[in-house]
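Hi,

Here's the structure I said I'd pass along. Have a look at it first, and then read on for my notes on the strands.

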Amino acid sequence: MQKLKTRFLVTSLLLFLFVSCKSYKIEGTTKIESNHTNYQNLYFSNPEIDYVYKAHIEVYGNDLSGIFVVKKVNDSLHRVVLTTDFGNKLLDFELSEKHFKVNYIVDDLNKKIVINTLKKDFELLLTTNHKVDEVLENENNIIFKSINGKRTNYLYKSKKENSLVKIVNTSKTKEKVSFSFMPKNITFAEYILIEHINIKLKIELNQISN
């Protein structure tokens with residue numbers, strides 16, 4: 001009986017190690033030959049536009065609603081501001097690939113883990129140029145794989161709409177964050193949903209029409 005228990009435990013451990021070490025893979029895709037070395041996310045890329053959304057944010061037990069505004073300040077810098085519906089500021093960030101500054105953040109959100117998580121989310125949301133390491137395809141999308149340090153981003157371009165509809169950020173083994181877009185056109189998303197898989201953070205943005 002003891003030998004049987006030991007064999008069962010060893011088998012279970014090996015199975016766990018196999019599953020946990022399995023590389024992340026998108027099912028139902030095939031690799032395709034492509035000359036793409038760069039993919040451009042054109043959302044939030046026009047410095048002449050103020051991108052204004054109605055926002056609902058659930059973050060580490062805080063439930064916030066308000067107005068979310070993104071402005072491209074120059075070729076590399078964006079400013080992100082979240083206010084209440086009455087105009088009281090909740091957060092104000094400046095960020096680029098090499099620069100990040102907190103101009104203001106409300107006390108309830110002023111925690112290192114919250115700031116770092118929002119920083120990474122906004123950086124990925126606002127990054128225009130993504131180097132392409134591999135191109136995949138499924139029935140509905142062309143998927144651009146972009147390795148970024150220890151993480152990998154998969155950018156889904158809809159064949160039907162010819163626009164970016166999803167970004168999935170992964171570790172080597174599993175999905176970490178997903179960005180879903182409802183495109184108005186190739187340069188503007190009228191709805192955006194950011195969802196974290198293992199932490200309590202969800203951001204929902206709905207365009208406020210002019």
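How many bridges join strand E10 (residues 141–148) to E11, and which way do the two run? In this predicted model, eight bridges join them, and the strands run antiparallel. One pair to click on is isoleucine 143 with its bridge partner in E11, tyrosine 156. The E10–E11 hairpin has two residues between the strands, and glycine 149 there takes a positive phi near 65°.

E11 also pairs with strand E12 (residues 164–170), again in the antiparallel sense, over six bridges. Here tyrosine 154 has valine 168 in E12 as its bridge partner. The hairpin of E11 and E12 has five residues between the strands, and asparagine 162 in that turn has a positive phi of about 55°.

Is E11 enclosed or open, then? Six of the eight residues in E11 (residues 151–158) are buried, so the strand is largely enclosed by the rest of the structure.

There's another run of hairpins earlier in the chain. Strand E3 (residues 50–59) pairs with strand E4 (residues 62–72) over 10 bridges, in the antiparallel sense. Tyrosine 51 stands opposite valine 70 in E4. Two residues sit between E3 and E4 in their hairpin, where tyrosine 60 takes a positive phi near 45°.

E4 then carries on to strand E5 (residues 78–83): six bridges join these two, which run antiparallel. Lysine 72 has histidine 78 in E5 as its bridge partner, and the E4–E5 hairpin has five residues between its strands.

Cheers

Key: Residues are numbered from 1 along each chain as its sequence is written. This is a predicted model: local features need pLDDT of at least 70, side-chain atom pairs count only at pLDDT 80 or more; totals for chains, interfaces and linings use all residues. Side-chain values use heavy atoms; hydrogens and water are left out. Buried means under 20% relative accessible area, exposed over 50%, partly exposed in between (1.4 Å probe, protein chains only). Helices (H or I, at least four residues) and strands (E, at least two) are DSSP runs, numbered from the N terminus. Two strands pair if DSSP finds at least two bridges between them.
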